[in-house]
Amino acid sequence: MAKHETIFVNIASYRDPELVPTIKDCLEKAKYPERLRFGICWQHNPEDEWDNLDEFKDDKRFRIDEVDSKDAKGVCWARNRTQKLWVKEKYTLQLDSHHRFIENWDEECIKMYKNSIKAGYPKPLLTSYIPSYDPKNDPDGRINEPWYLCYDRIAPEGPLHTKPHTMIGWEKEKNPVPSRFLSAHFIFTDGIFNRDVQYDPSLYFHGEEITMAVRAFTWGYDLLAPHKVVCWHHYGRDFDVKHWSEHEFELRDKVSFGRVRQLLGVGKVKCRPCQLRQLEPYAFGPHRTLKQYEEYAGINFTDVTVQQFTLDHHYPPNPTEYETAK
């Protein structure tokens, strides 16, 4: 029965006042909260009295990896730790620690996943920047149109950056639509993703999403954007504490950018197999290649070029005959 299909809710949190409200809303809005299993990398400061998970520590649905915030090493490091808390749940839902949810979000995600398989995508990965909410004006401040991830730029340091747009014609869509990119704050897919596509703990922040998108693609996952709103994400957070506001990050950035360039071959000749082996187990999967991703997405990392088809926000796969643009 559907209600017995467990969902691993994967959250990395750093001194976030929205963590507890996010957990509570996730449970309250689920149709079957008993099937949820939480894996939380709880990076907290013991002096933050509001950041308290005591009420969940005896709940068997929760696996809490407690880390003093002074010992934290960045979001990718934290997500790698949460993935290790997966215990063969059927599905996984990766989130940030600041979200709100629709009623029966669990059923809706599973429905979209299964319908995507019926539509010809054998290994769906639902992902996008999801619309926003404002904790100070909730629920009135919620955006109720699904967003789609689009190309923004490739930075000189190596990472590709994306930006969200309202999904054009979403009201007429019956299933999730093909996407090129991945959002780290919303991933819904098979639980085996936590074993297949392990987070590189040496990455820091920028470069997380494009490397995970390419790696997931090479593992055979089909990147799809939800055609309806299932939850909301809090952007901005201007006054909240971030990891980089309390830790030295320049060296971490330098190492991280180097690994991104090495993996994707940004602005240079593609890496030789021996160089890619240096990145294992955080390199590519066995089912598709980096070149196939580039053809699918209309992006050439070596030349740092992108197809006009991509810039015009058309859904992939891209045509074989194309016009490029810098």
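User: Before we get to A12, what counts as two strands pairing here?
Analyst: Two strands pair if DSSP finds at least two bridges between them. Keep in mind that this is a predicted model.

User: OK, so what stands opposite A12?
Analyst: That's C41, in β2.

User: And how many bridges join β1 to β2, parallel or antiparallel?
Analyst: Eight bridges, and the two strands run parallel. β1 covers residues 7-14 and β2 covers residues 36-44.

User: What's the strand order in the sheet?
Analyst: β3-β2-β1-β4-β10-β6-β11-β9, eight strands in an open sheet with mixed pairing.

User: Which strands stand at the edges?
Analyst: β3 (62-68) and β9 (177-178). Each has a single partner strand, so one side of each lacks a neighbour in the sheet.

User: Which strands does helix α1 touch?
Analyst: Helix α1, residues 19-29, packs on the sheet and touches β1, β2 and β3. The direction of α1 makes about 175° with that of β2.

User: Switching to cysteines: how many disulfides does the structure hold?
Analyst: Zero.

User: Why is there no bond for C76?
Analyst: Its closest cysteine sulfur is the one in C41, and at 12 Å that's too far for a bond. A disulfide needs the sulfurs within 2.5 Å.

User: What about C109?
Analyst: C109 is in no disulfide either; the nearest cysteine sulfur belongs to C231, 6.5 Å away.

User: Are those two, C76 and C109, buried or exposed?
Analyst: C76 is buried, with a relative accessible area of 0%. C109 counts as buried too, because its relative accessibility is 1% and the cut-off for buried is under 20%.

Key: Residues are numbered from 1 along each chain as its sequence is written. This is a predicted model: local features need pLDDT of at least 70, side-chain atom pairs count only at pLDDT 80 or more; totals for chains, interfaces and linings use all residues. Side-chain values use heavy atoms; hydrogens and water are left out. Buried means under 20% relative accessible area, exposed over 50%, partly exposed in between (1.4 Å probe, protein chains only). Helices (H or I, at least four residues) and strands (E, at least two) are DSSP runs, numbered from the N terminus. Contact means heavy atoms within 4.5 Å. Axes are lines fitted to C-alpha atoms, for helices over the stretch in contact, and angles run from 0 to 180 degrees between N-to-C directions.
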